[in-house]
Amino acid sequence: MQNMIVCKFGGTSMADAAQMRKVKSIIDLDRDRRVVVVSAPGKRSKDDEKITDLLYSCHKAASDGKAIAPYFSVIRERILAICKELSVVSDMASRLDEIEEKISSGASADYAASRGEYLSGLMMAGVLDATFVDPEEVVRLTADGRVDDATYPMVAEAMKGPGRYVIPGFFGSTSDGKVKTFSRGGSDISGAIAARAVDAKRYENWTDVSGILMADPRIVDTPPTITEITYREVRELASIGASVFHEEAIAPVRSVGVPINVRNTNDPQAPGTMILPSRDTAKRAVVGVSGKKSYRNLYVEKLMLDRYPGFRQELLTLLQERGIVPEFESKGFDSLSFLIPEAYVENDNAVLEAIRANLDPDEVAFRPSLALLGVVGEGILEKAGIAASYFLALQKANINVRFINYGGSEISLLIGVDADRYREALRALVEAAV
Ligand SMILES: Nc1ncnc2c1ncn2[C@@H]1O[C@H](COP(=O)(O)OP(=O)(O)O)[C@@H](O)[C@H]1O
Ligand SMILES: N[C@@H](CC(=O)OP(=O)(O)O)C(=O)O
């Protein structure tokens, strides 16, 4: 293990010159903070726009044959103002011209979106007087967006000297040289890649909240901070909906055991959350609650279902052929239920017709929209009465439970409720957890 600390700063930490100064003061506090991974400038206030979103709008305008100037001029103004205030990247105007020209003449959506992080990286390298590392050259992604193992030695090689390094997050390139981004929020993955590559002693993930909170602070008032959480738990919370840490960012560090510390750029003294390989579950069975709205429950019934061994597989194939991927499944003696993210189900009737025509079920229907909530903790199966306390909390709030998955994952209790009761349900579950 080297002595290096890898620090990833999210969009809110890169939003303007004042935030970038805070980043510099955090980096200057510890000489081991030598690798800095940056996101594109994010929102400066609730109603502001993220540079990444503006770049996607530029790409959309270009592909619709429209001018990109209305969006690109906003980007240009913001970036040039930061460069001016911090006296960095003297040739930024011509770099922006080049990017505008490429997007206007048909560059890919991934190329367009990646330029926010690229520009952030150039500016931060200037602020920190650090070496700029271009992820296009050292982060190799497969065509379907996974990290190629060839990445780690290339990143390590690029950062082997003394001094500081800045590497933009969110993108790399495929083996045929095309820029490729991760999914939204993916700079967290880039930070994890760098941490593994340099065998960091710690991966610090700096954002705008003082760690991972027990629940989404936009829904629950002042949820407590989670002090310690395991890799498994954070992955589960993120997969169910906690957007503070990308669900795929655990994979690169988990096998090498680099601890992750989620911290607040606006409150750097706060210790934040430690994400570790294991924790003492006797202290706390449950760490947090998260959730997602808008699932459809596909319900299929057939009498004596067990007599039709290929039924489930055929049904899954029919769904897959229509690009529908169920996230959760439960089985009764004569029925199957699949929870499917609403975004996948564009044409309900076509899917139902195909199932009727091919499988002759007694009943097939989409039930009304559900929200899915997850109570997460390594100790959730260990103590009598845990599930009961959460169901009681929902009962007290007069919220009907429509779907349960308990024991399918050893670290979460998943509960489906009517989509319009999502926020109330989340609050009730958090109250039961604290
Ligand atoms: N459980 C949670 N704990 C902390 N923040 C959460 C949680 N769930 C959702 N969030 C939201 O995630 C935001 C931070 O994530 P993100 O916007 O991606 O930050 P960054 O731009 O720094 O990467 C917080 O401001 C908060 O609104
Ligand atoms: N800028 C990208 C990638 C990213 O990770 O951003 P952030 O760290 O601000 O969530 C996005 O908006 O998706």
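How far apart do the C-alpha centres of domain 1 and domain 2 lie? They sit 34 Å apart. Keep in mind that you're looking at a predicted model, with an average pLDDT of 95 for the protein. Here's a quick tour, starting with how the two domains meet and ending with the two ligands.

**How sure is the predictor?**
- Every bit of the chain clears a basic bar, as 100% of the residues score a pLDDT of at least 70.
- For the complex, the predictor reports an ipTM of 0.98 and a pTM of 0.92.

**Two domains and where they touch**
- The domain assignment splits the protein into domain 1, covering 5-276, and domain 2, covering 288-433.
- Where the two meet, 16 residues of domain 1 are in contact with 18 residues of domain 2.
- On the domain 1 side, helix 9 supplies the largest share, with 5 residues.
- That side of domain 1 is made up of 10 nonpolar, 2 polar and 4 charged residues.

**A closer look at helix 9**
- Helix 9 spans residues 231-240, and 8 of those 10 residues are buried, so you can call the helix mostly covered.
- Among the buried ones are Tyr-231, Val-234, Leu-237 and Ile-240, but charged-type names such as Glu-233, Arg-235 and Glu-236 are on the buried list too.
- The buried residues of helix 9 pack against several neighbours, including helix 10 (251-254), strand 11 (288-301) and strand 14 (363-376).
- Just after the helix, Gly-241 takes a positive phi of about 150°.

**The largest nonpolar core**
- The largest nonpolar core holds 124 residues, and Val-6, Val-36, Met-124, Ala-194, Ala-425 and Leu-429 have the most contacts inside it.
- Helix 5 (residues 109-128) is the top contributor to this core, giving 11 residues.
- Both domain 1 and domain 2 give residues to this core, so it lies between them.
- Take Val-6 as an example: apart from its neighbours within four places in sequence, Val-6 is in contact with Val-35, Val-37, Gly-191, Ala-194, Ala-195, Val-198, Ala-200 and Tyr-203.

**The two ligands**
- Ligand 1 is surrounded by 20 residues, and Gly-10, Thr-207, Leu-213, Asp-216 and Val-244 are the closest.
- The shell around ligand 1 breaks down into 7 nonpolar, 10 polar and 3 charged residues.
- Ligand 2 has 15 residues around it, with Gly-10, Gly-11, Ser-39, Arg-184 and Ser-187 coming nearest.
- Around ligand 2, the count is 2 nonpolar, 10 polar and 3 charged residues.
- Spot Gly-10 in the structure: it's listed among the closest residues for ligand 1 and among the nearest for ligand 2.

Note on methods:
Residues numbered from 1 in each chain as written. Chains lettered and ligands numbered in written order. Predicted model: local features only at pLDDT ≥ 70, side-chain atom pairs only at ≥ 80, totals over all residues. Core = buried A, V, L, I, M, F, W, Y, C linked by C-beta atoms within 7 Å. Buried ≥ 20, exposed ≤ 12 C-beta atoms within 10 Å, placed from the backbone. Helix = DSSP H or I, 4+ residues; strand = E, 2+ residues; numbered from the N terminus. Domains from an automatic or database assignment. Contact = placed C-beta atoms within 7 Å. pLDDT = per-residue confidence, 0-100. Near = placed C-beta within 6 Å.
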